[in-house]
Every structure is written in structure tokens, then in C-alpha cells.
Amino acid sequence: MGPGQERRPVRRIATELADIKTMGIPARSAPVAANTLIEISTLADDQGNLARQIDCEGFRYKFKGSEIPWSLVVG
């Protein structure tokens with residue numbers, strides 16, 4: 001769900017392990033040590049626009065070329 005409650009169907013096209021410190025993803029829960037790996041997902045909508053995960057939990061994404069975060073809603 002994005003700006004103005006806009007919704008786009010997406011599918012997961014890739015996942016990778018990334019160091020949380022180098023990805024710049026904020027850790028809200030416990031203090032995170034260096035070399036802490038998390039799974040990062042990349043999503044694509046029906047038009048081929050790519051969105052990359054921007055949180056530790058996997059519910060916030062940003063589409064390429066946009067600074068507006070979107071929320072993943074599972075339904």
C-alpha cells in the first residue's frame with residue numbers, strides 16, 4: 001500500500017542475505033552486531049517496477065526511482 005492508499009499486486013522475485021549494517025536498514029528491536037545477516041527481498045509489480053525491502057521485518061519497500069516507502073499488505 002502506497003501513497004493515497006494505492007495498492008499494487010506484487011510478487012517476490014529475489015531474496016538475498018545482506019549485512020544489516022552495510023544496507024543501512026534501521027534495527028528497531030535489539031542492538032545489532034556487525035555481520036548480522038538478514039534476508040532482503042525484491043518485489044516486482046505487474047508493470048515490472050522493482051521494489052527493494054527497507055526494513056528488518058520485510059513489510060516496508062521502496063520502488064526504484066522513488067523515495068516514498070510502501071507497506072506490504074498480505075491478503
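A residue counts as buried here when its relative accessible area is under 20%. Ile20 comes in at 4%, so it counts as buried. Keep that cut-off in mind as you click around this predicted model.

**Get your bearings**

Show the whole chain as a cartoon. You should find 1 helix and 5 strands, running β-α-β-β-β-β along the sequence. Of the 75 residues, 25% are buried. Now look at contacts between residues with a separation of 6 or more: 42% of them join residues 24 or more positions apart.

**Stop 1: Ile20**

Select Ile20, the buried residue from the opening. You'll find Ile20 in helix H1, residues 20–23. Next, add Cys56 to the selection. Ile20 and Cys56 are 36 residues apart in sequence, yet their C-alpha atoms sit 8.1 Å apart in space.

**Stop 2: Thr42**

Move on to strand S2, residues 37–45, and pick out Thr42. Is Thr42 buried or exposed? Its relative accessibility is 13%, so Thr42 counts as buried. Show what surrounds Thr42, skipping anything up to four places away in sequence: the residues it touches are Arg11, Arg12, Ile13, Ala14, Leu50, Ala51 and Arg52.

**Stop 3: the aromatic pair**

How many aromatic pairs does a search of the whole structure find? The count is 1. To see the pair, select Phe63 and Trp70: the two rings meet edge-to-face, 5.2 Å centre to centre, with 80 degrees between the planes. The planes are over 60 degrees apart, which is why the pair counts as edge-to-face. Check the burial of both partners, too. Phe63 has a relative accessible area of 8% and is buried; Trp70 is also buried, with 8%.

Leave Phe63 on screen and add Arg8. Arg8 lies over the face of the Phe63 ring, 4.5 Å from the ring centre.

**Stop 4: the largest pocket**

Phe63, Trp70 and Arg8 all turn up again at this stop, among the residues lining the largest pocket. Select the rest of the lining as well: Met1, Arg7, Val10, Leu43, Ala51, Tyr61, Ser71, Leu72 and Val73. The pocket has a volume of about 170 Å³. Colour by secondary structure and look for the elements that give two or more residues to this lining: they are strand S4 (60–63) and strand S5 (69–71). Then colour the lining by residue type, and you get 9 nonpolar, 1 polar and 2 charged.

**Stop 5: Glu6 and Gln5**

Head back towards the start of the chain and select Glu6, in the segment before strand S1 (10–19). Glu6 is partly exposed, with 35% relative accessibility. Which residues does Glu6 touch, not counting those up to four places away in sequence? They are Met1 and Trp70. You've already met Trp70 in the aromatic pair. Glu6 and Trp70 are 64 residues apart in sequence, and 9.3 Å apart in space from C-alpha to C-alpha.

Finish on Gln5, also found in the segment before S1. Its relative accessibility is 57%, so Gln5 counts as exposed. Check the backbone here: Gln5 has a positive phi of about 65 degrees, although it is not a glycine. For context, most residues other than glycine have a negative phi.

Technical notes. Residues numbered from 1 in each chain as written. Predicted model: local features only at pLDDT ≥ 70, side-chain atom pairs only at ≥ 80, totals over all residues. Heavy atoms only, no water. Phe/Tyr/Trp six-rings, centres within 6.5 Å; stacked < 30°, edge-to-face > 60°. Buried < 20%, exposed > 50% of the residue type's maximum accessible area, 1.4 Å probe, protein only. Lys NZ or Arg CZ within 6 Å of the ring centre and 35° of its normal. 1 Å grid on protein atoms, 1.4 Å probe; cavity = no way out; pocket = protein on both sides within 12 Å on 5 of 7 lines; lining within 4 Å. Points joined across faces, edges and corners; volume = space filled by probe spheres on them. Helix = DSSP H or I, 4+ residues; strand = E, 2+ residues; numbered from the N terminus. Nonpolar A, V, L, I, M, F, W, Y, C, P; charged D, E, K, R; others polar. Contact = heavy atoms within 4.5 Å.
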